[in-house]
Amino acid sequence: MGNKHGTHSGVTQLAHATPFDKKELQRIRELFIAVKGDKKDDELNIQEFKEVFEACIGHEVEGKDASGQGVDLEEIFTSMDTDRSGTVSFKEMILWLSIYNRGTEETKLRHMFEVFDTDNSGVLESSEIENVLDILKLSMTTRGVSESAAIQKAAGLVKTIDKNKDGEITIDEWVTIGKEAGLVQELLGPEFIRLMDDFNPSQAKRKATKRKPSKKD
């Protein structure tokens, strides 16, 4: 579980720790509190999260279609929920956004590596590399690449990243070759990247003030 969403110190600390400034954080916090309303708990469930997130991007997210195209906000929610509590705190949300909305390419790559490195060994081994391949193939096929071509392209990309050909991928290989190969774009896909580009904290305050009266009506 995260920090109390109403504390001023949390905004100050996150302003120092993330690329967001105090004004941006306060706008998101205001929406966070508005969505929570009179509820006593301090974190967002999936529906509350969707309301906050969609307010910040200025439009609804339809989710993935039958072919797998689009972005699933439940997957984003799960990724943000680092303590696996089933809810997302203000801090968890901001730290995640600091990577995928404001983070550099290297920051994103390092975070992705940590996600794939499920045993925290510091290298991606065979089973973990298989997971990378599966995500790459899925991302490619949802963009219209044939399954056979996606398999070939994904395998080629992974072989390129494994620079010393030892069957494992180190963090240095992942970051260095990943930058050259456009790995962030390949793994996240254009729909996700566009969604992150749409995220604008300045919209959050406007949405919060618009949505408050509707809850009272």
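Helices here are DSSP runs of H or I with at least four residues, numbered from the N terminus. With that settled, I opened my notebook on this predicted model.

**Entry 1: inside helix 5**

I began with Trp 96 and Tyr 100, which both sit in helix 5, four residues apart, about one turn of the helix. An α-helix has 3.6 residues a turn, so residues three or four places apart point the same way. I then looked up the rings and found that Trp 96 and Tyr 100 make a tilted aromatic pair, with 4.8 Å centre to centre and 35° between the planes. Are Trp 96 and Tyr 100 buried or exposed? Both are buried.

I checked the rest of the helix too. Nine of the 11 residues of helix 5 are buried, so the helix is largely enclosed by the rest of the structure. Among the buried ones I noted Phe 90, Glu 92, Met 93 and Leu 97.

**Entry 2: Phe 90 and its partners**

Next I counted aromatic pairs, and the structure holds nine. One of them joins Phe 32 and Phe 90 edge-to-face, at 5.7 Å centre to centre and 80° between the planes. Phe 32 belongs to helix 2 (residues 22-36) and Phe 90 to helix 5, so this pair ties together parts that are 58 residues apart in sequence. I looked up accessibility for both rings: Phe 32 is buried at 0%, and Phe 90 is buried at 4%. Phe 90 has a charged partner as well, since Arg 29 lies over the face of its ring, 4.3 Å from the ring centre.

Elsewhere I found one aromatic cluster made up of Phe 49, Phe 53, Phe 77 and Phe 199.

**Entry 3: a buried acid**

I went to Asp 81, in the loop between helix 4 (73-80) and helix 5 (90-100). Which side chain of opposite charge is nearest to Asp 81? I found Arg 84, 5.2 Å away; Asp 81 is buried yet has no salt bridge. A salt bridge here needs nitrogen and oxygen within 4 Å. Leaving out residues up to four places away in sequence, Asp 81 touches Gly 86, Thr 87, Val 88 and Glu 92. Glu 92 is one of the buried residues of helix 5.

**Entry 4: salt bridges**

How many salt bridges does the structure hold? I noted nine. Arg 102 bridges to Glu 24, with the closest N and O atoms 2.7 Å apart. Arg 102 is in the loop between helix 5 and helix 6 (105-116) and Glu 24 is in helix 2, so the bridge ties together parts 78 residues apart in sequence. Arg 102 is partly exposed at 29% relative accessibility, whereas Glu 24 is buried at 15%.

Helix 4 gave me two more entries. Glu 74 forms a salt bridge with Lys 50, the closest N and O atoms being 3.8 Å apart. Glu 74 lies in helix 4 and Lys 50 in helix 3 (residues 46-57), so parts 24 residues apart in sequence are tied together. Glu 75 meets Lys 64 at 3.2 Å, N to O. Both of these are partly exposed, Glu 75 at 44% and Lys 64 at 37%.

I also jotted down a salt-bridge network linking Glu 106, Arg 110 and Lys 179.

**Entry 5: confidence**

Last, I looked up pLDDT: the protein averages 87, and 89% of the residues score at least 70. Residues 205-217 are below 50, with 14 contacts beyond near neighbours in sequence. Residues 1-6 stay under 50 as well, with 20 contacts beyond four places in sequence.

Methods
Residues numbered from 1 in each chain as written. Heavy atoms only, no water. Buried < 20%, exposed > 50% of the residue type's maximum accessible area, 1.4 Å probe, protein only. Lys, Arg positive; Asp, Glu negative; His and termini not counted. Contact = heavy atoms within 4.5 Å. pLDDT = per-residue confidence, 0-100. Phe/Tyr/Trp six-rings, centres within 6.5 Å; stacked < 30°, edge-to-face > 60°. Lys NZ or Arg CZ within 6 Å of the ring centre and 35° of its normal.
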